[in-house]
Amino acid sequence: MLSTRTATGSIGVLANHAPLMAILDPAELRLYESETGIVRFAQGEGYLQVVNNSALVLVDDAQEPGSLDTSDLETKLSEAEKAAEGAEEGSEERARGERDVRRYKAFIEVAGKS
């Protein structure tokens, strides 16, 4: 099973899932290899495609929770918040800053679970 978060909410994908295309939000990506074997990643934005009994996950960033440096992420979060606040409303710079804020918050949350 694959478990993650899309733009419209959380999703779990099992074998024989109906075809699906989704936009992924920053979140924890979990791959269940068995009842007790779970592989976890902090995932950035991306896409999920489910077709012909397989899932394809394309994300801009995926890191193992143990490799995340919380203090570095908190610094980046602070910088992203300042960049978003200082950018003009509706600008691409503001949108980029807001995406970065969501990503760093999600990565900090995943790092805290490890």
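This report walks through a predicted model of one protein, from its overall layout to a few single residues.

## The overall layout

Let's start with the whole chain. The protein has 2 helices and 8 strands, and from the N terminus on these elements run β-β-β-β-β-β-β-β-α-α. If you follow the chain in the viewer, you will therefore meet the strands before the helices.

The C-alpha trace spans about 45 × 30 × 20 Å along its principal axes. Of the 114 residues, 32% are buried. Among contacts with a separation of 6 or more, 49% are between residues 24 or more positions apart.

## Helix α2 and its buried side

Helix α2 covers residues 92-113. How far apart should the ends of its 22 residues be? At 1.5 Å a residue the expected span is 32 Å, and the C-alpha atoms at the two ends are indeed 32 Å apart, so the two values agree.

Several residues of α2 are buried: Gly97, Val101, Arg103, Tyr104, Ala106, Phe107, Ile108, Val110 and Ala111. As you look at that list, it helps to recall that an α-helix has 3.6 residues a turn, so residues three or four places apart point the same way. What do the buried residues of α2 pack against? Their partners are the strands β4 (27-32), β5 and β8 (62-63), together with helix α1 (70-86).

## Gln43, a buried residue in a strand

Strand β5 spans residues 38-43, and Gln43 is part of this strand. Is Gln43 buried or exposed? Its relative accessible area is 0%, which is under the 20% cut-off, so Gln43 counts as buried.

Leaving aside residues up to four places away in sequence, Gln43 touches Thr4, Arg5, Leu24, Asp25, Pro26, Ala27, Leu29, Val59, Asp61, Ala62 and Phe107. One of these neighbours, Phe107, is also among the buried residues of α2. With Thr4, the side chain of Gln43 makes a polar contact, side chain to side chain, at 2.8 Å.

## The largest pocket

Rolling a probe the size of a water molecule over the atoms shows where empty space is left. In this model, the largest pocket holds about 160 Å³ of space. Its lining is made up of Ser3, Thr4, Arg5, Ser10, Ala27, Glu28, Arg30, Ala106, Glu109, Val110 and Lys113. Two or more lining residues come from each of β1 (2-6), β4 and α2.

Which element gives the largest share of the lining? That is α2, with 4 residues. Sorted by class, the lining has 3 nonpolar, 3 polar and 5 charged residues.

## Residues in the loops

Most residues other than glycine have a negative phi, and most peptide bonds are trans. Two asparagines here have a positive phi. Asn16, in the loop between β2 (9-13) and β3 (20-24), has a phi of about 65°. With a relative accessibility of 65%, Asn16 counts as exposed. Asn53, in the loop between β6 (46-51) and β7 (54-59), has a phi of about 60°. At 47% relative accessibility, Asn53 is partly exposed.

Asp69 is found in the loop between β8 and α1, and at 41% relative accessibility this residue is partly exposed. Its side chain is joined to that of Ser71 by a polar contact of 2.9 Å. Asp69 and His17 are 52 residues apart in sequence, and their C-alpha atoms are 35 Å apart in space.

How values were computed:
Residues are numbered from 1 along each chain as its sequence is written. This is a predicted model: local features need pLDDT of at least 70, side-chain atom pairs count only at pLDDT 80 or more; totals for chains, interfaces and linings use all residues. Side-chain values use heavy atoms; hydrogens and water are left out. Buried means under 20% relative accessible area, exposed over 50%, partly exposed in between (1.4 Å probe, protein chains only). A polar contact is a pair of N or O atoms within 3.5 Å; within protein, one must be able to donate a hydrogen and the other to accept it, and residues adjacent in sequence count only if both atoms are side-chain atoms. Contact means heavy atoms within 4.5 Å. The expected span of a helix is 1.5 Å times one less than its number of residues. On a 1 Å grid over the protein atoms alone, a cavity is a set of points where a 1.4 Å probe fits but cannot get out, and a pocket is an open set with protein on both sides within 12 Å along at least five of seven lines; lining residues have an atom within 4 Å of a point. Grid points are joined across faces, edges and corners, and a volume is the space filled by probe spheres set on the points. Ala, Val, Leu, Ile, Met, Phe, Trp, Tyr, Cys and Pro count as nonpolar, Asp, Glu, Lys and Arg as charged, and the others, Gly among them, as polar.
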